[in-house]
Amino acid sequence: MAEMGSKGVTAGKIASNVQKKLTRAQEKVLQKLGKADETKDEQFEQCVQNFNKQLTEGTRLQKDLRTYLASVKAMHEASKKLNECLQEVYEPDWPGRDEANKIAENNDLLWMDYHQKLVDQALLTMDTYLGQFPDIKSRIAKRGRKLVDYDSARHHYESLQTAKKKDEVKIAKAEEELIKAQKVFEEMNVDLQEELPSLWNSRVGFYVNTFQSIAGLEENFHREMSKLNQSLNDVLVSLEKQQGSNTFTVKAQPSDNAPAKGNKSPSPPPDGSPAATPEIRVNHEPEPASGATPGATIPKSPSQSSLPAVVVETFSATVNGAVEGSSGTGRLDLPPGFMFKVQAQHDYTATDTDELQLKAGDVVLVIPFQNPEEQDEGWLMGVKESDWNQHKELEKCRGVFPENFTERVQ
């Protein structure tokens with residue numbers, strides 16, 4: 001019997017909830033149609049707007065903080081790999097090996113400590129701060145429903161009072177329901193009227209504490225990391241001194257028919273030759289070819305020498321941009337810092353104001369980023385050749401574009 005009674009109560013409660021939803025829906029329709037007045041509270045509505053704004057800002061800050069922590073983690077891994085590489089190439093008989101290994105261990109510990117403190121003092125605090133919003137958001141929604149209930153009870157009571165044939169019993173019951181609905185609404189309303197402004201004002205102190213913590217932790221981290229870097233530098237300086245004059249130099253390989261190497265560097269190319277700009281000093285030391293005066297040095301152009309490809313490429317790009325472009329013969333002036341050309345293989349629709357809009361076939365002159373730290377992986381900076389030829393103004397024409405939409409042509 002008890003079980004049946006329990007089920008009966010549950011069924012009755014469900015029926016009551018369904019009836020409430022129907023009543024609220026009807027009331028909202030009447031209010032939207034202008035057939036029923038709606039209780040308004042502009043001050044509370046402003047508090048709700050502030051609440052939503054605060055929630056949006058906090059959610060964004062949490063997301064960006066997690067991205068920052070992921071970047072710290074990635075930098076830690078990269079730093080660890082770099083130090084492992086140093087440990088592998090540091091030969092056992094070189095002085096300072098133990099010190100270098102100890103510095104690498106301390107470097108790893110410093111990164112882990114920095115990451116953990118960011119989690120404890122910033123991320124967890126951020127999570128706690130945002131943790132209070134879901135409950136308040138739910139209560140704001142519930143207050144809205146209770147306000148509709150209150151308006152509905154008020155309208156029902158008013159309609160019974162103005163009816164031609166009055167039923168005092170129904171009027172008394174309607175008044176009782178109105179008082180009850182008003183009490184429930186006002187209790188929730190008073191609590192939120194106090195909490196929402198307080199929560200809104202708390203954002204200032206929270207933002208201050210969060211960013212102060214991050215700034216302090218980062219400052220301390222870089223200070224300690226600077227000490228480790230200085231110690232590593234001292235170890236390497238000591239190694240260099242004890243290894244004598246075996247200074248690293250970039251040398252070109254002699255050609256197959258070159259005699260034994262001498263000990264001279266080539267003279268700079270004469271003015272006016274394509275290799276005159278820039279001046280590249282490289283220690284390639286082939287002996288004079290047959291018929292040359294002993295002791296003389298024959299300069300070699302980058303294309304003839306066996307310089308690393310990156311040196312030759314940089315040399316060619318500089319010559320094309322700085323020398324050929326400035327000569328004014330056969331080529332239009334190229335933008336400052338021009339490196340190479342690419343051609344769009346596919347259309348690309350820009351999604352931001354700093355991006356280039358590309359059509360398949362567009363030629364882009366690639367230039368370096370003003371701030372290398374702003375370059376994202378897979379993106380290049382450039383100006384469409386047609387825009388450059390027309391305007392000659394980088395500020396108006398340059399933008400970033402995805403490298404994989406293009407193919408290098410020069």
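Asp-135, Arg-139 and Glu-195 are linked in a network of salt bridges. This network belongs to a predicted model, and a search of the whole structure finds 14 salt bridges. The protein contains eight helices and five strands. Along the sequence these elements follow the pattern α-α-α-α-α-α-β-β-β-α-α-β-β. Of the 410 residues of the protein, 29% count as buried.

Two of the helices were examined for length and curvature. Helix 3 covers residues 97–131 and has 35 residues. The distance from its first C-alpha to its last is 50 Å, close to the 51 Å expected at 1.5 Å a residue. Helix 3 nevertheless bends by about 35 degrees, and the bend is located at Val-119. Helix 5, spanning residues 168–242, has 75 residues. From first C-alpha to last, helix 5 reaches 109 Å, which is close to the expected 111 Å at 1.5 Å a residue. A bend of about 30 degrees is found in helix 5 at Arg-203. At the start of helix 5, a side-chain oxygen of Asp-167 comes to within 3.1 Å of the backbone nitrogen of Val-169.

Individual salt bridges were then considered. Side chains of opposite charge can pair when their charged atoms come close. In helix 3, Asp-113 and Lys-117 lie four residues apart, about one turn of the helix. Asp-113 forms a salt bridge with Lys-117, and the closest N and O atoms are 3.3 Å apart. Asp-113 is partly exposed, with a relative accessible area of 34%. Lys-117 also counts as partly exposed, at 32% relative accessibility.

A salt bridge also joins Arg-154 to Glu-158, with 3.7 Å between the closest N and O atoms. Arg-154 and Glu-158 are separated by about one helical turn because they are four residues apart in helix 4 (residues 133–161). The relative accessible area of Arg-154 is 13%, so this residue is buried, the cut-off for burial being under 20%. Glu-158, by contrast, is partly exposed at 35% relative accessibility.

In the salt bridge between Glu-395 and Arg-398, the closest N and O atoms are 2.8 Å apart. Glu-395 has a relative accessibility of 63% and therefore counts as exposed, the cut-off for this class being over 50%.

The five strands form an open sheet with the order 4-3-2-1-5 and antiparallel pairing. Strand 4 (399–402) and strand 5 (406–408) are the edge strands, each pairing on one side only. From one strand to the next, the twist averages 50 degrees. Strands of a sheet pair through backbone hydrogen bonds, either parallel or antiparallel.

Pairings within the sheet can be followed from strand 1 to strand 4. Strand 1 (residues 340–344) runs antiparallel to strand 2, and four bridges join them. Lys-341 stands opposite Leu-365 in strand 2. Strand 2 (residues 363–367) is mostly covered, with four of its five residues buried. The pairing of strand 2 with strand 3 is likewise antiparallel and extends over four bridges. Here Val-366 has Gly-382 in strand 3 as its bridge partner. Strand 3, made up of residues 379–384, pairs with strand 4 in the antiparallel sense, again over four bridges. In that pairing, Gly-382 stands opposite Gly-399 of strand 4. Gly-382 is thus placed opposite Gly-399 and is also the bridge partner of Val-366.

The backbone at Lys-392 was examined separately. Most residues other than glycine have a negative phi, and most peptide bonds are trans. Phi of Lys-392 is near 60 degrees, a positive value in a residue other than glycine. Lys-392 is located in the loop between helix 7 (385–391) and helix 8 (394–397). With a relative accessible area of 35%, Lys-392 is partly exposed.

Terms used:
Residues numbered from 1 in each chain as written. Predicted model: local features only at pLDDT ≥ 70, side-chain atom pairs only at ≥ 80, totals over all residues. Heavy atoms only, no water. Helix = DSSP H or I, 4+ residues; strand = E, 2+ residues; numbered from the N terminus. Expected span 1.5 Å × (residues − 1). Bend = angle between axes of the 7 residues up to and from the residue. Polar contact = N/O pair within 3.5 Å; in protein donor to acceptor, adjacent residues only side chain to side chain. Buried < 20%, exposed > 50% of the residue type's maximum accessible area, 1.4 Å probe, protein only. Pairing = 2+ DSSP bridges. Axes fitted to C-alpha atoms, helices over the stretch in contact; angles between N-to-C directions. Salt bridge = Lys/Arg side-chain N within 4 Å of Asp/Glu carboxyl O.
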